[in-house]
Structure formats: C-alpha cells, structure tokens
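Q: I'd like a close look at the charged side chains in this one: who pairs up with whom, and what is left out on the surface? Please walk me through it in one go.

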Amino acid sequence: MTEADIEAVSAVRVRGWQTAYRGLMPQAYLDAMSVAADAERRRSWFGRRSPEVSDLVAERDGEVVGWACVGPARDPDIAPGAGELPAPKPTAGELLALYVAPGLIGTGIGRALMAAGTARARAHGFHTLYLWVVRGNTRAQRFYERAGFVPDGAEEAYEVGGSSVPELRYRRLLTPEP
C-alpha cells in the first residue's frame, strides 16, 4: 500500500463495515461512516506506523479491491513486555484488518490477501498470528477457520455507536513455537 492508495482503502474498509456488520452494530453508526473521515485518520497514521506493520492492497485492473494489515499483536496477554523499554522483539503478530470490496467477496481476493499477510507476518519473525472477529460475523469466522485459525477462548467487547459489540479472538501458529 502506498499513500496514494489511502482513499481507495478507506472506501473498501467503510463499505466492508457497512456490509459485514449490518445487524451486528447499530445501523445509524454504519450509515454515518465516512470514507473521507476514515481516509483522514488513515493518512495521519500512515506515516507514523511501526516498520513491523504491513499494509497490503489487492488490485484488479488498477483499482484497489482489498486491503489487509498485519503487525505486532496488541493484547498484553500475548505480547509480553510490550510496555517495557526497550520492548522485546515481538513473536506474536496480529491480522489487524482484512477487507474485500463487498461485490468481490468469494472471488479469491481475501485468500490472496491472507496468504500475503501471513507471509509478511512470517518475514517479521512472528510465530503466531492472532485476529479479532465480531461475534455473529459467521462469514468471516468460516473464512478464518478455513485459513487455519481457531478460537483461543478470549472474548472482549468494545463500544460502537453506544452499543457493546463482542469480539472473539482467533489464533494460528505460523511456525513451531520456540
């Protein structure tokens, strides 16, 4: 992903949320999502992100049709020492995002992004890859399970538009643990 891709990535992400989370999050929140606002936040973050974070895009005929982001795991229970200075080199990664243009779901773009993201995670030295999925998003849960992820029992909720949205954590070993 380059800075020039940000607007297109934001469009894929916002349309992805509006499609995947219908019925799982407040509709008013989803309807109010803005590609421009998302792109503005993404631009400010893009230049400051860690070198261990990889943003990947899938293109079809020169148009961005998917986006994935992989980086170090953020959860304290799987990223020991993350608050220490200097922090130890992380061995757990996280699939922070994976979105495909809604009309192209099921065409292999998600699988290609997953393969590229997994390869990038291995290149960063991550031994395990984690992700969070909204409970009830059965299409995503099936996709991740087919990719070798399994629920690890962790669950937490976050607030979206005044409602609590529960997420389930999944994990996949990338290499034998040291």
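A: Here is a tour of the salt bridges, then the positive patch and a few residues around it.

Keep in mind that this is a predicted model. It holds 10 salt bridges, and three of them get a proper look here.

Start with arginine 43 and glutamate 7, whose closest N and O atoms sit 3.2 Å apart. This pair ties together distant parts of the chain: arginine 43 belongs to helix H3 (residues 35–46) and glutamate 7 to helix H1 (residues 6–20), with their positions 36 residues apart. How open are they to the outside? Arginine 43 is partly exposed, at 38% relative accessible area, and glutamate 7 also falls in the partly exposed class, at 37%.

Helices H3 and H1 are linked by another pair as well, aspartate 38 from H3 and arginine 13 from H1, which are 25 residues apart. Here the closest N and O atoms come to 2.5 Å. Is this pair buried or exposed? Aspartate 38 has just 3% relative accessibility, so it counts as buried. Arginine 13 has 15%, and since buried means under 20%, it goes in that class too.

Next comes aspartate 75 with arginine 169, closest N and O atoms 3.1 Å apart. That bridge spans 94 residues of chain, from the loop between E2 and strand E3 (92–100), where aspartate 75 sits, to strand E6 (residues 163–173), home of arginine 169. Both ends are tucked away: aspartate 75 is buried at 12% relative accessible area, and arginine 169 is buried at 5%. As for bridges that share partners, Arg13, Asp38, Arg41 and Arg42 are joined by them into one network.

Now for the surface. Which residues make up the positive patch? They are Arg111, Arg139, Arg142 and Arg146. Helix H5 (residues 138–146) is the main contributor, giving 3 residues to the patch. Arginine 111 comes from helix H4 (residues 109–123). With 54% relative accessibility, arginine 111 counts as exposed because the cut-off for that class is over 50%.

Helix H5 has an inward-facing story to tell too. Glutamine 141 is part of this helix, yet it is buried, with a relative accessible area of 14%. What does glutamine 141 touch? Leaving out residues up to four places away in sequence, the list is Val133, Val134, Gly136, Leu168 and Tyr170.

Just before the helix, asparagine 137 sits in the loop between strand E4 (128–134) and H5. Asparagine 137 is buried as well, at 10% relative accessible area. Setting aside neighbours within four places in sequence, its contacts are Ala20, Tyr21 and Leu24.

One last stop, at a charged residue with an unusual backbone angle to check. Aspartate 61 lies in the loop between strand E1 (54–60) and strand E2 (63–72). Its phi is near 55°, a positive value in a residue other than glycine. Aspartate 61 is exposed, with a relative accessible area of 81%.

To pull the charged residues together: aspartate 38 and arginine 13 form a salt bridge and are buried, whereas arginine 111 belongs to the positive patch and is exposed.

Note on methods: Residues are numbered from 1 along each chain as its sequence is written. This is a predicted model: local features need pLDDT of at least 70, side-chain atom pairs count only at pLDDT 80 or more; totals for chains, interfaces and linings use all residues. Side-chain values use heavy atoms; hydrogens and water are left out. Patches are made of residues with over 30% relative accessible area and no salt bridge: like charges are joined within 9 Å, nonpolar side chains (Val, Leu, Ile, Met, Phe, Trp, Tyr) within 5 Å. Accessible areas come from the Shrake-Rupley method with a 1.4 Å probe; for residues, only the protein chains shown count as cover. A salt bridge is a side-chain nitrogen of Lys or Arg within 4 Å of a carboxyl oxygen of Asp or Glu. Lys and Arg count as positive and Asp and Glu as negative; His and the chain ends are not counted. The place of a charge is taken as NZ of Lys, CZ of Arg, CG of Asp or CD of Glu. Helices (H or I, at least four residues) and strands (E, at least two) are DSSP runs, numbered from the N terminus. Buried means under 20% relative accessible area, exposed over 50%, partly exposed in between (1.4 Å probe, protein chains only). Contact means heavy atoms within 4.5 Å.
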